[in-house]
Amino acid sequence: MDRLKDRTALITGAGSGIGRAAAELMSREGARVVAADHDTAAAEETARLVEAAGGRALPVTVDVTDDASTAAAVAAAVGEFGSLDVLCNHVGGSDPRKDLDLLRLDMDEFERAVALNVRSTLLGSRHAVPHMIEAGGGSIINTASVAGLVGDVLQISYGAVKAAVVNLTKSIAVQYGPHGVRCNAVAPGAVMTPALRDNLPGDVIEALKGYNALPYLGSPEDIAHTMVFLASDESRYLTGQLLVVDGGMTIQSPAVPGRRAMLPPA
Ligand SMILES: NC(=O)c1ccc[n+]([C@@H]2O[C@H](COP(=O)([O-])OP(=O)(O)OC[C@H]3O[C@@H](n4cnc5c(N)ncnc54)[C@H](O)[C@@H]3O)[C@@H](O)[C@H]2O)c1
């Protein structure tokens, strides 16, 4: 219940999916939550949900690709709650209709993906770290993706920028570890967010399950629980690491389905 008692956690992309689940679960563990999103109504709804459950929350409108806007979000967090102990740089993504293969990639989309995933992580951390140093420590949690660990036929930018987030995580951990600032990343696999449920047909979602070692897809809470762990002192000896939370999608050989068929009947 009190794993994050008296801590302030700023979560970007808190208006939806995994970010909203992180806001709710961190609040349940005692954190004061800053729900930051460029969708003001969505940030306000997350804050309302947190407060309705008995927590404290501040909704903040932010564009994580913009330096001044990010600085203002961090200042609002510190101004309201007096500290910033946890930062989740959660916003990210790319548009799979424009982020195609090497030759057909829309270069504007590439630049957008760099800004949304890498620049945002860098800016959020740059503005948060001085407050964490002043407080004697803190925890930064970056959202990577399994897409940053393997090659793909589509979304060449997305894979590259998520791989960059992993290296950024290690450098921040090395540079500010001596001040007690930890920095880790989470790489979600397929997660049933509202966006995924709305955009993919049921048979495609069913097929996605078949890629996991576990027989189900992840929920936003599955990722958010990992973020709570990384925010809490339970992970105080963990820094610069990538936790892959993917139901075993990236641990198995692509030959598994064929080899399963070779097994004698149980
Ligand atoms: N859902 C998955 O299966 C999955 C898998 C791997 C990684 N991820 C990563 O998780 C993160 C978010 O995923 P999600 O599924 O929760 O997404 P989502 O679309 O449900 O939520 C993203 C939130 O970010 C906000 N946002 C978008 N651009 C913004 C900006 N410039 N400034 C501030 N807020 C902005 C949106 O308004 C939205 O509320 C991304 O980094 C994504 O790459 C998701």
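Which polar backbone atom is 3.1 Å from an oxygen atom of the ligand? I looked, and that atom belongs to I18. I keep in mind that this is a predicted model.

**Entry: contacts of the ligand**

I went on to G92. A backbone N or O atom of this residue is 3.2 Å from a ligand oxygen atom. Then I checked Y158. Here a polar side-chain atom sits 2.5 Å from an oxygen atom of the ligand. I also looked up the cover. On its own the ligand has 830 Å² of accessible area, and the protein covers 84% of that.

**Entry: the shell**

Which elements give two or more residues to the shell around the ligand? I found α1, residues 17-28, and α5, residues 156-176. I counted 26 residues around the ligand. Those that come nearest are S16, D37, H90, Y158 and K162. So Y158 appears twice in my notes: it is among the nearest residues, and its side chain has the 2.5 Å pair. I sorted the shell by class as well. It holds 12 polar, 10 nonpolar and 4 charged residues.

**Entry: α1 and its partner**

I followed α1 away from the ligand question. It packs with helix α8, residues 220-231. Their axes are 8 Å apart, and the angle is about 50°. How does that class the pair? An angle of about 50° is neither under 35 degrees nor within 65 to 115, so α1 is oblique to α8. Last, I noted the hand of the crossing. For α1 and α8 it is right-handed.

Definitions and conventions
Residues numbered from 1 in each chain as written. Predicted model: local features only at pLDDT ≥ 70, side-chain atom pairs only at ≥ 80, totals over all residues. Heavy atoms only, no water. Near = heavy atom within 4 Å. Polar contact = N/O pair within 3.5 Å; in protein donor to acceptor, adjacent residues only side chain to side chain. Areas by Shrake-Rupley, 256 points an atom, 1.4 Å probe, with all protein chains shown as cover. Helix = DSSP H or I, 4+ residues; strand = E, 2+ residues; numbered from the N terminus. Nonpolar A, V, L, I, M, F, W, Y, C, P; charged D, E, K, R; others polar. Axes fitted to C-alpha atoms, helices over the stretch in contact; angles between N-to-C directions. Parallel < 35°, antiparallel > 145°, perpendicular 65-115°, else oblique. Left-handed = near helix turned anticlockwise from the far one by under 90°.
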